[in-house]
Amino acid sequence: MGIANVIRTEMQNYSDEARIDKNGNVICTMGKTPESARHILIDAHMDQVSMLVTAVDDSGFINISPCGGVDSRTLPGSTVLIHGKEVVTGIVCTTPPHLASKETSDFEKTEDLLVDTGLSAEKVHEVVSVGDYVSFSTKPQKLLGSRITAPALDNRAGVAALIYCASLLKDKEIPARVTFLFSTQEEINSVGAKTAAFALDCDEAISVDVSFAKQPGVPEEKCGNLSGGPMIGIAPTLSREMSCKFIDLARANKIPYQLEVMSSATSTTSDVITASKSGVAGGLLSVPLRNMHTPVEVVDIVDIENTARLLAQYILTGGDDCGR
């Protein structure tokens, strides 16, 4: 079962309607529909960075190319899955360090790498085709406390926050029309959010994504603290009123939070949603995450839960009063 069907099945427990549109977005509704004068859109993209097969050579080795901003530094020696006629396990090749020269030990692009399935060339050509998707095969693992590691936490962490938010709202009196959007193709220009936002025609929208958590080697001023609560976005493209309301609600409900200040666009689905039709007021909440775009991303489940709690409080107040 694909991720879209998993999400739709789960959201059917909480929403009035859960459907998948022709771009693969999962769209779910709650609250006063359609008579409410206020329509709030909550979005989290469900896609992940991956790779595509670009060629299969005569020996059966597979060339790959990134689909989204894969961190190619983490790929050599890692295990991947090729989604062909069969799901095939492969290993990203490495040159033995004993034989490596400077030229072979350094690479800059995913396209420089090859995948070895261990199968005969004939079998590889039979089951693998150019254009097949390649994904990380790392299994989710628990770390100490409430932290976990897994691939695709960008942005399955946001997806989990939306589903948990919906569970908190079930059987509550919601004073607005609410649409939960689990959008596709964010890693390649937010195509799913762009088309869905146009069709849904909301008054305001909140994007829920991940952002950088502090770790060695990254600028502290660009990062939040893992386990420090949702990162409330502050940016020229976002509604200042919505950001301030998030801060007020977090304080009033004793929800830990932190601020993420961006001097231009947010690099999230908010950038396309706020520019939809004649414009949409936008807010942004982000879950702190380490090792972004790698097979071993790390988040704290408590941050996901607190993001959901803050979202639920915002929705229960009916959204932003500005501009009514």
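Is Met30 buried or exposed at 4% relative accessibility? The exercises below take up this and related questions for a predicted model.

**Exercise 1. Decide how Met30 is placed, and list what surrounds it.**

Solution. Begin by locating the residue in the fold: Met30 is found in strand β2. Next, compare its value with the cut-off, since a residue is called buried when its relative accessible area is under 20%. Because Met30 has a relative accessibility of 4%, it counts as buried. Then look at its surroundings, leaving aside the neighbours within four places in sequence: Met30 is in contact with Tyr14, Ser15 and Asp16, with Ala166, Leu169 and Lys170, and with Ile174, Ala176, Arg177, Val178 and Phe180. As a last step, consider a residue that lies at a long remove in sequence: Leu316 is 286 residues along the chain from Met30, and yet the C-alpha atoms of the two are separated by 12 Å.

**Exercise 2. Find which residues of helix α1 are buried, and explain why they line one face of the helix.**

Solution. In helix α1, which covers residues 3-11, the buried residues are Ala4, Ile7 and Met11. If you look down the axis of α1, these buried residues fall within an arc of 65 degrees, and therefore they line one face of the helix. To complete the picture, ask what lies over them: the cover includes the strands β1 (17-20), β2 (26-31) and β12 (177-183), together with the helix α4 (153-169).

**Exercise 3. Describe how α4 and α8 pack, and state which residues make the contact.**

Solution. Two packed helices are described by the angle between their axes and by the distance between those axes. For α4 and helix α8 (residues 301-316), the axes come within 8 Å and cross at roughly 50 degrees. That angle makes α4 oblique to α8, and the crossing in which α4 passes α8 is right-handed. On the side of α4, the contact involves Ala157, Ala160, Ala161, Leu162, Tyr164, Cys165, Leu168 and Leu169, and these meet Ile304, Glu305, Thr307, Ala308, Arg309, Leu311, Ala312, Ile315 and Leu316 in α8. Sorted by character, the residues of this contact divide into 14 nonpolar, 1 polar and 2 charged.

**Exercise 4. Carry out the same analysis for α6 and α8.**

Solution. The axes of helix α6 (residues 240-252) and α8 come within 10 Å and cross at roughly 110 degrees. An angle from 65 to 115 degrees counts as roughly perpendicular, and so α6 is roughly perpendicular to α8. The crossing of α6 and α8 is right-handed. In this contact α6 contributes Met242, Lys245, Phe246, Leu249 and Ala250, while α8 contributes Leu310, Gln313 and Tyr314. The residues of the contact of α6 with α8 divide into 6 nonpolar, 1 polar and 1 charged.

**Exercise 5. Examine the backbone at Asn155, Gln185 and Ser227.**

Solution. Take Asn155 to start with, whose place is in helix α4; the peptide bond that leads from Asp154 to Asn155 is cis, with omega near 10 degrees. Turn next to Gln185, which is not a glycine but nevertheless has a positive phi of about 60 degrees. Gln185 has its place in the loop between β12 and α5 (191-200), and because its relative accessibility is 27%, it counts as partly exposed. Ser227, which is not a glycine either, has a positive phi of about 75 degrees. This serine is found in the loop between β13 (204-212) and β14 (231-234), and Ser227 is partly exposed, with a relative accessible area of 33%.

**Exercise 6. Classify Ser183 and Thr117, and name their contacts.**

Solution. Ser183 lies in strand β12, and because its relative accessibility is 0%, it counts as buried. Apart from its neighbours within four places in sequence, Ser183 is in contact with Asn25, with Asp43, Ala44, His45, Met46 and Asp47, and with Gly192, Ala193 and Thr269. Thr117, by contrast in setting, lies in the loop between β8 (114-116) and α3 (121-127). At 14% relative accessibility, Thr117 counts as buried, and, with neighbours within four places in sequence left aside, Thr117 is in contact with Ile62, Ile82, Val88, Thr89, Gly90 and Val124. Finally, Thr117 and Ser50 are 67 residues apart in sequence, and their C-alpha atoms are 17 Å apart in space.

Definitions and conventions
Residues numbered from 1 in each chain as written. Predicted model: local features only at pLDDT ≥ 70, side-chain atom pairs only at ≥ 80, totals over all residues. Heavy atoms only, no water. Buried < 20%, exposed > 50% of the residue type's maximum accessible area, 1.4 Å probe, protein only. Helix = DSSP H or I, 4+ residues; strand = E, 2+ residues; numbered from the N terminus. Arc of directions from axis to C-beta. Contact = heavy atoms within 4.5 Å. Axes fitted to C-alpha atoms, helices over the stretch in contact; angles between N-to-C directions. Parallel < 35°, antiparallel > 145°, perpendicular 65-115°, else oblique. Left-handed = near helix turned anticlockwise from the far one by under 90°. Nonpolar A, V, L, I, M, F, W, Y, C, P; charged D, E, K, R; others polar.
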